[in-house]
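Please open the model in your viewer and keep the selection panel at hand. The stops below go from one selection to the next, with a note on what is found at each.

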Amino acid sequence: MKQAEADSAERVHLGPGTLYGTIKRLISAGYIEESDERPDPDLDDQRRRYYRITPAGLSLLGAELERYELALQKARLGGVRSHHKPRALGA
Amino acid sequence: VKTALNAPRPLDLVIRLIILAYPPEFRRRYGQELLMLIQDICRDSQSSPPAWRLYLQARALSDLAGGAIYERLQALLENITAKDTSVKTSQSPSFYRRHRQSLLITGAALTALIVSSVILGFWSYGGPGGYAVRVVQIGQAAMRYEGNWNAGWDDVTANFVADYVAAKYHDSGRTDVGYKSPHAASQLEAATKETYSSMEPSFDPVLCSQQAPTSVKYIRERVTQPGYASIVAAFGYSDGSPTNLVRYDLDLDLSKSKQGDWKISQIQCLSLDAMPSKPYVNRLDVPTGAAPGTAPYSQRNDRTF
């Protein structure tokens, strides 16, 4: 949730209900799965679950990035420029 | 489930009730994680100022509640549209009995939405996010006398002056608002308290007047150096005749506390006759973005009592 806020310059606020609804759907679609890898037991809570992206998820992510890249290229070729100044991320 | 939420008991109860509103399958699989995530949010927000903590918790809870309604409706739709007849129960007589909980929760949520839209003007605040902001605004208003932590220095001054004039001249005639105000720094509190104890009761050591002001305009607002600000409150005293307006000015100095809120550290009465032509010549002026000599916020806070 914090990563989503930081990556979007605080434009996206991902709440707990939205996050777990999304996790459920991504697992159902086979794009992520539960991971057995766990951090140092001293730093970990045994009840916590960890998730990782699957090969199908990576493939979908690649296709999405390609689609965005194409859309950006087309927009830039058409002379479209961002009107927004980039916002600095918080420290 | 062993959970020691870092949250007050009523909030803990609300969180558990909302998680109970999720479909049983979802709750079994993700309920524990959701609870731990809320626990993290509550722990992280503990160090925040009260109004911001309220905002973070309201935002998380509104999202949690929205998720419960969405998951319930989706479970219901999946059941109705399922092609596998062994899963599909919508045609069976027991369908409404089996999904009674989902229907009741959805109905209750919709009723709450309609009632809250009437009471709080839900739609004028742009959905759940705006609704949470409205909740915080109400919380901030309720906490006014416990400290307006996130107000700017100009608003702190305006709040102090408005509270002071209202309490001293138009409400209860209280004379302790000068040093009991949440906007007064400790040194101002001590100085005002001492002055009160040694002065004649009829004289006001804060406004330096015995008469109720009829208006106030804020002039010469400026940040004197980072973390320090100065503002002049120009009080008007009128007997109703526009030609008989007397002006009396107060010079208020503010500084930012360690908690990040602005406090009034000093108040000086300025007689217009006694005012030097360049009263701020010895101060380091840091521009606030306004043109020299102009007051960026004064019109917003100016008022007639």
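**Starting at a strand residue**

Select Glu33(A), which is partly exposed with a relative accessible area of 31%; here buried means under 20% relative accessible area, exposed over 50%, and partly exposed in between, computed with a 1.4 Å probe on protein chains only. Before going further, note that this is a predicted model, in which local features need pLDDT of at least 70 and side-chain atom pairs count only at pLDDT 80 or more, while totals for chains, interfaces and linings use all residues. Residues are numbered from 1 along each chain as its sequence is written, chains are lettered from A and ligands numbered from 1 in the order in which they are written, and side-chain values use heavy atoms, with hydrogens and water left out.

Now add Arg52(A), whose side chain meets that of Glu33(A) in a salt bridge at 3.0 Å, N to O; the term stands for a side-chain nitrogen of Lys or Arg within 4 Å of a carboxyl oxygen of Asp or Glu. Because Arg52(A) lies in strand S2 (residues 50-53) of chain A and Glu33(A) in strand S1 (residues 32-35) of chain A, the pair ties together parts that are 19 residues apart in sequence. Helices (H or I, at least four residues) and strands (E, at least two) are DSSP runs, numbered from the N terminus. Arg52(A) counts as partly exposed, at 34% relative accessibility.

**The neighbouring pair**

Select Arg49(A) and Glu34(A) next, which form a salt bridge with their closest N and O atoms 3.5 Å apart. Arg49(A) sits in the loop between S1 and S2 of chain A and Glu34(A) in strand S1 of chain A, so that distant parts of the chain, 15 residues apart, are linked. Both are partly exposed, Arg49(A) with a relative accessible area of 30% and Glu34(A) at 38%. If you add Arg29(B) and Glu33(B) to the selection, you have a network of salt bridges that links these two residues with Glu34(A) and Arg49(A).

**Helix against helix**

Move to helix H2 (residues 16-29) of chain A and helix H2 (residues 24-45) of chain B, whose axes come within 10 Å and cross at roughly 145°; axes are lines fitted to C-alpha atoms, for helices over the stretch in contact, and angles run from 0 to 180 degrees between N-to-C directions. Among the residues that make this contact are Leu19(A), Tyr20(A) and Ile23(A) on H2(A), and Tyr30(B), Leu34(B) and Leu37(B) on H2(B), where contact means heavy atoms within 4.5 Å.

Colour H2(A) alone: it has 14 residues and reaches 20 Å from its first C-alpha to its last. Its buried residues are Pro16(A), Gly17(A), Leu19(A), Tyr20(A), Gly21(A) and Ile23(A), and they pack against S1 and S2 of chain A together with H2 and H3 of chain B. After the helix comes Gly30(A), whose phi is positive, near 85°.

**A bridge between the chains**

Which residue of chain A meets Glu71(B) in a salt bridge? Select Lys24(A), where the side chains come to 2.8 Å, N to O. This pair crosses between chains, from helix H3 (residues 50-81) of chain B to helix H2 of chain A, and Glu71(B) counts as buried, at 2% relative accessibility.

**Zooming out**

Finally, show everything: over all chains, a search of the whole structure finds 8 salt bridges. Chain A has 3 helices and 2 strands, which follow the pattern α-α-β-β-α along the sequence, and 15% of its 91 residues count as buried.

Methods: Expected span 1.5 Å × (residues − 1).
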